[in-house]
Amino acid sequence: MQSSSSLADIRAFVTIAEQGSFTKAAEVLQSSRAHVSRQLAQLEQQLGVQLIIRTTRAQRLTPIGEQFFQQCLTSLQTINQAVIAAKDDTEQLQGSICINCVGGVIGEDILANIISEFNLQYPDIEVELDFSSPRVDLISEAFDLVVRMGALEDSGLVARKLTDIKVQVLASPDYLAKHPVIKHPKDLEQHNCLTGSIKRWRFHQKSVQHNNAPIHELDISVKGNFSCKSGRALINAAKSGNGIVRLPELYCEDEINAHTLAPALISVSNEEQWHSPDVPLFLLYHRNRYQPARLKVLIDFICHHFQQL
């Protein structure tokens, strides 16, 4: 055999054998009788055997044709079942979804609550929520969705922006009373800064006269005697008066409202103010044309609920 037989040619042969007629087979395959006849001739040429004996009045399978027909029929039925299963996986609202997300309030409170609502509406979809902190590769780690904060590298993934997270530089009133006033981001270099994984803090200077447009950008390297990737641990350390933290505002709304944490960066002038820029929150997923329906539904569900925050 010079080359592998075409699946289309094999389907044509099986259909001819089932229908007992080239004309009927052509109708089933939505093709012409001449094309179906050519497909059979190609298959016989590739195999080097005659599968069907044709006369002007009738046709019948040869012994090898009968054997080949039975084997191909079984194989095609298996293929059809695989196609149906793949299509069901694409269209049915069932199956499993794995999500990796930043922890803290965003993952453990906001996203977890969204997933709980989703589970109530779609009980046949299983969702696994993972809070491991290292950046993950969706392909190698087998996650379907990833929620991440901050600027993104061009990874070839789809990035849906969920929201902008407001960031605050905070300290306890006790710490602020005992230490020099912070009028400029560079003053932070002289303070005990409690950090997570990020040791360089970015600031924008905005002009009130020009719709808060950023007019300067500055990165400050900070250091301190405590570092932890847990937002809750940093908040507790700052509340105790140990130093200054830079965290998403939604992580410490209760502390701000209770005045146990206060803004640490004081504006010298109302005209030009330094701020920590908002950090975008993204939902990442594969650029996949044949995305399962369960994943499409969850993506829309998450995006919609974040828009309501």
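Trainee: How many bridges join strand β5 to strand β14?

Mentor: This is a predicted model, in which local features need pLDDT of at least 70 and side-chain atom pairs count only at pLDDT 80 or more, while totals for chains, interfaces and linings use all residues. Residues are numbered from 1 along each chain as its sequence is written, and side-chain values use heavy atoms, with hydrogens and water left out. Helices (H or I, at least four residues) and strands (E, at least two) are DSSP runs numbered from the N terminus, and two strands pair if DSSP finds at least two bridges between them. Strands β5 (residues 145-149) and β14 (residues 279-285) run antiparallel, with Arg-148 facing its bridge partner Phe-282 in β14, and the number of bridges joining the two strands is five.

Trainee: Which strands stand at the edges of the sheet that holds β5 and β14?

Mentor: Five strands form this open sheet, in the order β4-β3-β5-β14-β6 and with mixed pairing. Each edge strand has a single partner, so one side of it is left without a neighbour in the sheet; the edge strands are β4 (125-130) and β6 (158-165).

Trainee: What angle does the direction of helix α5 make with that of β4?

Mentor: Angles run from 0 to 180 degrees between N-to-C directions, along axes fitted to C-alpha atoms, for helices over the stretch in contact. The sheet itself has a twist that averages 20° from one strand to the next. Helix α5 (residues 104-121) packs on this sheet and touches β3 (95-101), β4, β5, β6 and β14 (contact means heavy atoms within 4.5 Å). Its direction and that of β4 make an angle of about 175°.

Trainee: How many of the seven residues of β3 are buried?

Mentor: Strand β3 is joined to β4 by six bridges, the two running parallel, and three bridges join it to β5, also in parallel. Cys-101, whose bridge partner in β5 is Val-147, is buried because its relative accessible area is 1%, where buried means under 20%, exposed over 50% and partly exposed in between (1.4 Å probe, protein chains only). The strand is mostly covered, and the number of its seven residues that are buried is five.

Trainee: How many disulfides does the structure hold?

Mentor: A disulfide is a pair of cysteine sulfur atoms within 2.5 Å. Cys-228 counts as partly exposed, because its relative accessibility is 22%. As for disulfides, the number in the structure is zero.

Trainee: Why are the buried residues of α8 placed on the same side of the helix?

Mentor: In helix α8 (residues 231-239), Gly-231, Leu-234, Ile-235, Ala-237 and Ala-238 are buried. What covers them includes β8 (193-194), β11 (244-248) and α9 (253-257). The arc is that of the directions from the helix axis to the C-beta atoms. These residues are on the same side of α8 because they cover an arc of only 165°.

Trainee: Which residue stands opposite Cys-193 in β11?

Mentor: Helix α8 lies across β8 and β11, running at about 140° to β11. These two strands belong to an open sheet of four strands with the order β8-β11-β7-β12 and mixed pairing. Two bridges join β8 to β11, which run parallel, and opposite Cys-193 in β11 stands Ile-244.
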